[in-house]
Amino acid sequence: MQVAKMFDAISGKYDFLNHFLSLGIDIRWRKKAIRLLANSKPKFILDVATGTGDFAIEALKLNPDKIIGVDISEGMLEMGRKKLKANNHESVIELKRADSENLPFEENKFDAVIVAFGVRNFENLEAGLAEMLRVIKPGGRAVVLEFSKPRVFPMKQLYPFYFKYILPKIGKIFSEDSSAYTYLPESVQAFPDGDDFLSILSKLGYKNATCQPLTFGISSLYTATK
């Protein structure tokens, strides 16, 4: 529950810092991720590690009947519920506290499962991904947006410097919990991105797994089917 407490502590500033520290690029990444689902027209969507609900709100563009967002941080969910209420999204989006590694849903329930910047926070990555696969309907899709490690010059050199030295200092100015912005680069560095992540998806039974690097490889967009 250490991760939950950390996100509870930064929940009030999370949206601002996300957009500020990524120069607003994270908004474009979410839009691109959701567009990948446009052709399949999912009606019932699960947003895992929903945080304050940004990805779930973006998924409204797919015109679904229902979106359920789950997260372990009650603080993040509370901020998300305020956003939903302010924008009259409560009839379509429901936010619930739940653990990604023990999802409170039956098998084959959702047309699509989406995650933005959440899988690297799973305590057990494979257990969380297996749970996602369990609740996707046969033929349904998973879309995962996650930070990755750039592999080309000059971003390969600049990105670690920014993450290690600049980001934690900015985070400390705006947030009471500076550890959250030390944790971020550490979690990205430890995450098995790119082909390593595709191998895990295939091992767990996902099909047609693909990876698309975004913005010089700062983040990656993964898709797979059940």
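**Exercise 1.** In this predicted model, decide whether F44 is buried or exposed, and then find which ring F44 pairs with and how that pair is arranged.

*Solution.* Begin with accessibility: the relative accessible area of F44 is 19%, and because buried means under 20%, F44 counts as buried. Next, look for the partner, which is F110, whose ring centre lies 4.7 Å from that of F44, with 35° between the planes, so that the pair is classed as tilted, a class for planes that are neither under 30 degrees nor over 60 degrees apart. The partner F110 is itself buried, at 0% relative accessibility. Finally, place both residues in the chain: F44 belongs to strand β1 (residues 44-48) and F110 to strand β4 (residues 110-116), and the pair thereby links parts of the chain that are 66 residues apart. The structure holds seven aromatic pairs, and one aromatic cluster is formed by W29, F117 and F147.

**Exercise 2.** Describe the largest nonpolar core by stating how many residues it has and which of them have the most contacts inside it.

*Solution.* The count is 30 residues, and those with the most contacts inside this core are W29, I45, A59, I114, L145 and F147. Several elements each supply at least two residues of the core, among them α3 (25-35), α5 (74-86), β5 (136-147) and α7 (155-174). To see the surroundings of one member, take I45, which touches, among others, A59, L62, F110 and I114. A second, separate core has 29 residues, including V119, L125, L133 and V135. As background, nonpolar side chains tend to be buried together in soluble globular proteins.

**Exercise 3.** Work out which side chain of opposite charge is nearest to D71, and which backbone nitrogens the side chain of D71 reaches.

*Solution.* First locate D71, which is found in strand β2 (residues 66-71). D71 is buried, and the nearest side chain of opposite charge, R97, is 7.6 Å away; because a salt bridge requires a distance within 4 Å, D71 has none. Then turn to the backbone, where a polar atom of the D71 side chain lies 2.8 Å from the nitrogen of G51, and where the D71 side chain also reaches the nitrogen of S73 at 2.8 Å.

**Exercise 4.** Find where N88 and F216 lie, and state what is notable about the phi of each.

*Solution.* Most residues other than glycine have a negative phi. N88, in the loop between α5 and β3, has a positive phi near 55°, and N88 is exposed at 66% relative accessibility. F216, in the loop between β6 (207-214) and β7 (219-225), has a positive phi of about 60°, and F216 is exposed, with a relative accessible area of 58%.

How values were computed: Residues numbered from 1 in each chain as written. Predicted model: local features only at pLDDT ≥ 70, side-chain atom pairs only at ≥ 80, totals over all residues. Heavy atoms only, no water. Helix = DSSP H or I, 4+ residues; strand = E, 2+ residues; numbered from the N terminus. Buried < 20%, exposed > 50% of the residue type's maximum accessible area, 1.4 Å probe, protein only. Lys, Arg positive; Asp, Glu negative; His and termini not counted. Polar contact = N/O pair within 3.5 Å; in protein donor to acceptor, adjacent residues only side chain to side chain. Phe/Tyr/Trp six-rings, centres within 6.5 Å; stacked < 30°, edge-to-face > 60°. Core = buried A, V, L, I, M, F, W, Y, C linked by side-chain atoms within 4.5 Å. Contact = heavy atoms within 4.5 Å. Lists of a residue's contacts leave out its neighbours within four places in sequence.
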